[in-house]
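Me: Please take a close look at one part of this structure for me, going slowly and keeping the pieces connected. I would also like to hear about any unusual backbone angles in the loops.

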Amino acid sequence: MKRILLTCLLALLLGFLLFFPDQALACAGSGLLLWYKNLVPVLLPFMFLSNLLIRLDCVLLFTGLIHPLLGRLFGTSLYGSYAVLAGFLFGCPMGAKVTGDLLSQNLICEEEAGYLVSFVNNLSPAFIISFAVHQNLGIPSLTGPTLCILYGAPLLWALLCRIRRRSSFREFIPKKKASKVPEKLELIDACILDGVVNIAKIGGYILLFSLMAGVLGLLPGNLAPLKNILGASLEITAGVQAVSQSALSFPVKYLCLLALCSFGGICGLMQTLSVCPMTPAGLRQYLKAKAAILGLCLLLACLFLFL
């Protein structure tokens with residue numbers, strides 16, 4: 001069944017490229033421009049530098065000050081605290097990417113990796129402030145409450161998980177892989193290549209989902225609600241724009257925008273899986289966590305709006 005659905009989807013995209021070349025070109029150009037102007041300058045340098053820091057074991061220089069607090073609150077290990085810092089500062093999918101890198105170097109255990117990726121893979125503050133609140137909502141005064149809600153929900157989820165688990169990863173002893181230490185130039189080359197490969201993966205998914213959004217745009221006007229719902233769930237940027245431009249009342253519009261930003265869209269999920277592969281069980285755990293965080297986000301938003 002999955003194979004049939006995938007074949008139909010690919011045939012649909014191929015037909016879109018062949019029979020609607022102008023629309024396909026516009027969609028592809030829009031997606032690649034978004035990737036080139038907004039993601040490459042931000043994520044590629046950080047991917048390179050973060051990978052280099054992990055490979056050189058220099059992460060402790062950044063986590064030494066924050067680990068006493070994060071370790072006590074969330075039970076994270078010394079290296080795990082770096083994933084928390086990276087995820088909340090640089091956004092999706094960097095939280096997952098850093099977690100995957102730490103796990104591949106045996107600096108954190110698999111259990112902590114699953115715990116971390118469930119709450120550190122969020123949108124960046126820059127995206128929320130500049131694009132979602134200022135550019136689309138047009139209400140700068142909501143910047144503080146929006147950040148508190150979107151970041152408060154995953155932090156609250158992490159605290160609840162910590163209470164339920166009643167254990168800490170702070171005592172985990174890293175077991176860095178024993179391997180030949182490469183020359184500095186070789187190490188830099190490897191980190192650059194890793195960053196380029198992963199940013200290319202992200203660009204490929206953005207291109208693919210931009211074409212899917214173009215196919216949705218061909219649906220007749222009487223299916224506008226369906227187009228809006230599917231389009232918003234595919235890609236977060238287009239979703240935020242669609243919700244902000246809708247005729248919904250402000251409370252409903254704000255709740256929908258927060259829900260989109262909390263979940264991140266299907267494209268964001270695919271980007272996460274591309275930089276941090278998960279087992280089927282790990283994926284189910286991740287989706288359950290994202291659903292729980294979405295529920296907490298909407299709860300906090302309702303408290304803010306109505307109380």
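Reply: Helices here are DSSP runs of H or I with at least four residues, numbered from the N terminus, and the model in which they are found is a predicted one. With that in mind, D57 can be placed in the loop between α2 (21-55) and α3 (60-63), where D57 has a positive phi of about 60° although it is not a glycine. N106, in the loop between α6 and α7 (110-120), is also a residue other than glycine with a positive phi, near 60°.

The part to look at closely begins with helix α5 (residues 80-90), which is largely enclosed by the rest of the structure because eight of its 11 residues are buried; among them are Y82, V84 and F88. Just after α5, G91 takes a positive phi of about 80°, and the peptide bond from C92 to P93 is cis, with omega near 0°. P93 itself belongs to the loop between α5 and α6 (94-104).

Both C92 and P93 are in contact with T272, a residue whose contacts beyond its neighbours within four places in sequence also include A96, N121, M278 and Y286. T272 sits in helix α14 (residues 265-275), and because its relative accessibility is 0%, below the 20% cut-off, T272 counts as buried. Its side chain makes a polar contact with the side chain of N121 (2.7 Å), while the side chain of T272 also reaches the backbone oxygen of G268 at 2.9 Å.

How values were computed:
Residues numbered from 1 in each chain as written. Predicted model: local features only at pLDDT ≥ 70, side-chain atom pairs only at ≥ 80, totals over all residues. Heavy atoms only, no water. Buried < 20%, exposed > 50% of the residue type's maximum accessible area, 1.4 Å probe, protein only. Helix = DSSP H or I, 4+ residues; strand = E, 2+ residues; numbered from the N terminus. Polar contact = N/O pair within 3.5 Å; in protein donor to acceptor, adjacent residues only side chain to side chain. Contact = heavy atoms within 4.5 Å.
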